Amino acid sequence: MFSPDLKRALLLWMDDPASRDAKIVKRALSKNLITVAIEVICSRTPSQLEELKKVYRTMFTTYLDEDIDQSHANGDNKKLLAAYAGAIRSESSKVDAVMVDKDAKDLFKVGQWRFGTIEETFIRIFSERSGAHLVAINSAYCKMYVNSLKKAIKKETSSKFKCALLTILKCAENPGKYYAKALHKAMVGLGTDDETLTRIIVSRAEVDIEKIKTEYHKKYGKSLSDDVRSDTSGQYRAFLLSLLNPNA
């Protein structure tokens, strides 16, 4: 008989990526697991997100933005998730330097330069701009104001809204590093967050697991496989390790 952890991992693995993401997001929005919904929605490329939305509509006969609107997400976080899921973004690496500078200045004006943050500007820029554009904004922001955009977000925003903004920016810069940190957080300290561990390893196994392993070792000085081996057991451990090291 399969353990609950192994069963969950196998069921996730059996789905194609878009169906897997759709099921994860549907459950997250229904069960008030908003950080999980943020992780998936805000980390996917525009083409991946478009495919997720198509499959979501077919599987659940409802639109993703409708479920976001009806979910436990609230305030600015709900607006950002809906806008990010609804916008069509470029995947090009080309950026408009003039627009980059303008966006960096606009974010500074509505954030650190004033008392109280105008969240609508953050929502507009983060939901409409490409990943390459956001990376360029962060670079321009640092040069202009000697402070990173990430630090400004941490200082000027809060709660799930802050989480979503940081997820978008970090995944635009280096998704491998973002997931390495999330996996370490799932295993550090007493107890293991097996749902997060399973979700990330299964969903990234055929995408960028080698980059995640590299970033993990770079940041924590040990291998991801060794930490997974220490924090899991039995057939569940064997399955996760097979995804991490398919050629072993």
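A: Let's start with one term: a helix here is a DSSP run of H or I at least four residues long, and helices are numbered from the N terminus. Keep in mind, too, that this is a predicted model.

Q: Okay, so how do I read a salt bridge inside a helix: which residue does Lys53 pair with?

A: The general idea is a side-chain nitrogen of Lys or Arg within 4 Å of a carboxyl oxygen of Asp or Glu. Here Lys53 pairs with Glu50, and their closest N and O atoms are 2.9 Å apart. Both belong to helix H4 (residues 46-60), and because they are three residues apart there, about one helical turn separates them.

Q: Are Lys53 and Glu50 buried or exposed?

A: You judge that by relative accessible area: under 20% is buried, over 50% is exposed, and partly exposed is in between. Lys53 comes out at 21%, so it is partly exposed. Glu50 is partly exposed as well, with 25%.

Q: Which residue forms a salt bridge with Arg199?

A: That's Glu39, with 2.8 Å between the closest N and O atoms. This pair links distant parts of the chain: Arg199 sits in helix H13 (residues 194-204) and Glu39 in helix H3 (residues 34-41), 160 residues apart. Check the areas again and you'll find Arg199 buried at 8%, while Glu39 is buried at 7%.

Q: What about Asp208: which side chain does it meet in a salt bridge?

A: It meets Arg204, with an N to O distance of 2.9 Å. Asp208 has a relative accessible area of 9%, so it is buried. Arg204 also counts as buried, at 5%.

Q: How many salt bridges are there by this rule?

A: The count comes to 16. They can also join up: Asp103, Glu128 and Arg129 are linked in a network of salt bridges.

Q: Now the nonpolar core. Which members of the largest one touch the most other members?

A: Think of a core as a set of buried nonpolar residues joined through their side-chain atoms. The largest one here has 73 residues, and Ile41, Phe126 and Val228 touch the most other members. Helix H11 (residues 159-173) gives the most to this core, contributing seven residues.

Q: If I zoom in on Ile41, which residues is it in contact with, leaving aside neighbours within four places in sequence?

A: You'll find Val25, Leu49, Ile68, Leu81, Tyr84 and Ala85 in contact with Ile41. Try picking out Ile41 on the structure, then look for those partners one by one.

Notes. Residues are numbered from 1 along each chain as its sequence is written. This is a predicted model: local features need pLDDT of at least 70, side-chain atom pairs count only at pLDDT 80 or more; totals for chains, interfaces and linings use all residues. Side-chain values use heavy atoms; hydrogens and water are left out. A nonpolar core is a set of buried Ala, Val, Leu, Ile, Met, Phe, Trp, Tyr and Cys residues joined through side-chain atoms within 4.5 Å. Buried means under 20% relative accessible area, exposed over 50%, partly exposed in between (1.4 Å probe, protein chains only). Helices (H or I, at least four residues) and strands (E, at least two) are DSSP runs, numbered from the N terminus. Contact means heavy atoms within 4.5 Å.
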